[in-house]
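Colleague: I'm new to reading protein models, and I'd like a close look at a single part of this one. Could you choose a strand, walk me around it, and then show me how the rest fits in?

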Amino acid sequence: DWTLQADLDKKLQFPDIVQTSLRPDIVIQSTDTKRLVIVELTVPWEERCQSAYELKKAKYTDLQTLCTESG
């Protein structure tokens, strides 16, 4: 029952789990197991890999918490 949505030519609409204005690049969802995978792509310079990771992680931390609280 896994579904995959990607932000290609149109705006990706986040699943109706929570309201958000964030648009991750890829969302993979299973309604049976209540699992959600958010994929955010980035292409940093070699020197900025860790800081780019931290920025992306911080960007989606609140969304992860909201989704977890929603079940």
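Modeller: Let's settle one word before we start: two residues are in contact when heavy atoms of theirs lie within 4.5 Å. With that in hand, here is one number for the chain: among contacts between residues at least 6 apart in sequence, 37% join residues at least 24 apart. Keep in mind that what you're looking at is a predicted model.

Now the overall layout. The protein chain has 1 helix and 3 strands, and from the N terminus on they come in the order β-β-β-α. Its C-alpha atoms fill a box of roughly 40 × 30 × 20 Å along the principal axes. Of the 71 residues, 18% count as buried.

The part I'd pick is β2, which covers residues 26-30. This strand has a partner in β1, running antiparallel to it and joined to it by 5 bridges. It also pairs with β3, again antiparallel and again through 5 bridges. To see both pairings through one residue, find Gln29. Thr3 stands opposite Gln29 of β2, and Gln29 in turn stands opposite Leu36 in β3.

Slide along to Ser30, which also sits in β2. Is Ser30 buried or exposed? Its relative accessibility is 2%, so Ser30 counts as buried; the cut-off for that word is under 20%. The side chain of Ser30 makes a polar contact with the side chain of Asp1, at 2.9 Å. If you skip residues up to four places away in sequence, Ser30 touches Asp1, Trp2 and Arg35.

Carry on past the end of the strand and you reach a turn. β2 and β3 form a hairpin, with 4 residues between them. Lys34 is in the loop that links these two strands, and here's the odd thing about Lys34: its phi is positive, about 55°, although Lys34 is not a glycine. That stands out because most residues other than glycine have a negative phi. Lys34 is also exposed, because its relative accessible area is 64% and the cut-off for exposed is over 50%.

Next, look at the other side of β2, at the loop that leads in from β1. Asp7 lies in this loop. The side chain of Asp7 makes a polar contact with the side chain of Arg23, at 2.9 Å. Beyond residues up to four places away in sequence, Asp7 touches Leu12, Arg23, Pro24 and Asp25.

Val18 belongs to that loop between β1 and β2 too. With a relative accessibility of 12%, Val18 falls under the cut-off and so counts as buried. What does Val18 contact, leaving aside its neighbours within four places in sequence? Look for Leu63, Leu66, Cys67 and Ser70. Take Ser70 as a case to check on screen: Val18 and Ser70 are 52 residues apart in sequence, while their C-alpha atoms are 7.4 Å apart in space.

Finally, step back to the outside of the chain. The accessible surface comes to about 5,800 Å², and 52% of that belongs to carbon and sulfur atoms. As for charge, there are 9 positive and 12 negative ones, and the mean positions of the two groups are 3 Å apart.

Notes. Residues are numbered from 1 along each chain as its sequence is written. This is a predicted model: local features need pLDDT of at least 70, side-chain atom pairs count only at pLDDT 80 or more; totals for chains, interfaces and linings use all residues. Side-chain values use heavy atoms; hydrogens and water are left out. Buried means under 20% relative accessible area, exposed over 50%, partly exposed in between (1.4 Å probe, protein chains only). A polar contact is a pair of N or O atoms within 3.5 Å; within protein, one must be able to donate a hydrogen and the other to accept it, and residues adjacent in sequence count only if both atoms are side-chain atoms. Accessible areas come from the Shrake-Rupley method with a 1.4 Å probe; for residues, only the protein chains shown count as cover. Lys and Arg count as positive and Asp and Glu as negative; His and the chain ends are not counted. The place of a charge is taken as NZ of Lys, CZ of Arg, CG of Asp or CD of Glu. Two strands pair if DSSP finds at least two bridges between them.
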